[in-house]
Amino acid sequence: GKILVSDSDNHCVFVYNEDGQFLFQFGSEGNGEGQLKCPQGICTDSSGNIIVADRDNKRVEMFDKTGRFHKHITTDMKGPCAVAMATQGQLVVTENVTVGRDYNVSILKKY
């Protein structure tokens, strides 16, 4: 498998192989397709797509396994900060509603 690291300061995602060797990075600062602004949580789905909680753009995005932008999963969140795949394929998103205080958890059955 691959190791994925979101870098919120540099608005990108780094991808390494299982030995820790750098493979590639994707993303750049902005709000266009494929751009990120303070990415935080990251996970992959069963197809190997990379799902990123793009906190300051208030959305969750999907990239393919090579880091190419695929689609916006949702664009109406307050501050998504974590993503995970549930056992039956649902996407679980945690968002920070009030900085440091209140969180919402959303379960997206189809994404």
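These are my notebook entries on a predicted protein model, written down as I looked things up.

**Entry 1: the overall picture**

I started by listing the elements. The protein has 10 strands and 0 helices. Read from the N terminus, the order is β-β-β-β-β-β-β-β-β-β. I then looked up the radius of gyration, which is 13 Å, close to the 13 Å that the globule rule gives for 111 residues, so the protein is as compact as a globular protein of that length.

For the outline, I took a box along the principal axes, and the C-alpha atoms fill roughly 35 × 30 × 25 Å.

**Entry 2: inside and outside**

How many of the residues count as buried? I found 38% of the 111 residues in that class. The protein exposes about 6,400 Å², and carbon and sulfur atoms supply 44% of that area.

Next I turned to contacts with a separation of 6 or more. Residues 24 or more positions apart account for 27% of them.

I also checked the charges. There are 12 positive and 14 negative ones, and their mean positions are 6 Å apart.

**Entry 3: strands E1, E2 and E3**

I followed the chain from its start. Strand E1 covers residues 3–7 and pairs with E2 in the antiparallel sense, over 5 bridges. One partnership I wrote down is Ile-3 with Tyr-16 of E2. The two strands form a hairpin with 4 residues between them.

Strand E2, residues 12–16, is mostly covered, with 4 of its 5 residues buried. E2 also pairs with strand E3 (residues 22–26), again in the antiparallel sense, over 4 bridges. Here Val-13 stands opposite Phe-26 in E3. The hairpin of E2 and E3 has 5 residues between the strands, and Gly-20 in this hairpin takes a positive phi near 90°.

**Entry 4: strands E8, E9 and E10**

I jumped ahead to the later part of the chain. Strand E8 (residues 80–85) and strand E9 (residues 91–98) pair in the antiparallel sense over 5 bridges. Met-85 stands opposite Leu-91 in E9. Which residue of the E8 and E9 hairpin takes a positive phi near 90°? I found Gly-89, in a hairpin with 5 residues between the strands.

E9 pairs with strand E10 (residues 102–108) as well, over 7 bridges and in the antiparallel sense. In this pairing Val-93 stands opposite Ser-106 in E10.

**Entry 5: two positive phi angles**

I reminded myself of the background first. Most residues other than glycine have a negative phi. That made me want to look at two residues in turn.

His-11 has a phi near 60°, a positive value in a residue other than glycine. I located His-11 in the loop between E1 and E2. Is His-11 buried or exposed? His-11 is buried, because its relative accessible area is 13%, and the cut-off for buried is under 20%.

Cys-38 is my second case, with a positive phi of about 65° although it is not a glycine. Cys-38 sits in the loop between E3 and E4. At 8% relative accessibility, Cys-38 counts as buried too.

**Entry 6: Asn-49 in its loop**

I picked Asn-49 next, in the loop between strand E4 (39–44) and strand E5 (50–54). Why does Asn-49 count as buried? Its relative accessible area is 17%, and the class takes in values under 20%.

What is Asn-49 in contact with, leaving aside neighbours within four places in sequence? I noted Cys-43, Thr-44, Met-62, Phe-63, Asp-64 and Lys-65.

**Entry 7: Val-52 in strand E5**

My last stop was Val-52, which lies in strand E5. Val-52 is buried, with a relative accessible area of 0%.

Which residues does Val-52 touch, not counting those up to four places away in sequence? I listed Val-13, Leu-36, Pro-39, Gly-41, Ile-42, Arg-59, Val-60, Glu-61 and Phe-63. Val-13 took me back to Entry 3, where I had noted it opposite Phe-26 in E3. Phe-63 took me back to Entry 6, where it is among the contacts of Asn-49.

To finish, I looked up the distance from Val-52 to Val-97. These residues are 45 residues apart along the chain, and their C-alpha atoms are separated by 18 Å.

Key:
Residues numbered from 1 in each chain as written. Predicted model: local features only at pLDDT ≥ 70, side-chain atom pairs only at ≥ 80, totals over all residues. Heavy atoms only, no water. Rg over C-alpha atoms; globule rule 2.2 N^0.38 Å. Buried < 20%, exposed > 50% of the residue type's maximum accessible area, 1.4 Å probe, protein only. Contact = heavy atoms within 4.5 Å. Areas by Shrake-Rupley, 256 points an atom, 1.4 Å probe, with all protein chains shown as cover. Lys, Arg positive; Asp, Glu negative; His and termini not counted. Charge placed at Lys NZ, Arg CZ, Asp CG, Glu CD. Pairing = 2+ DSSP bridges.
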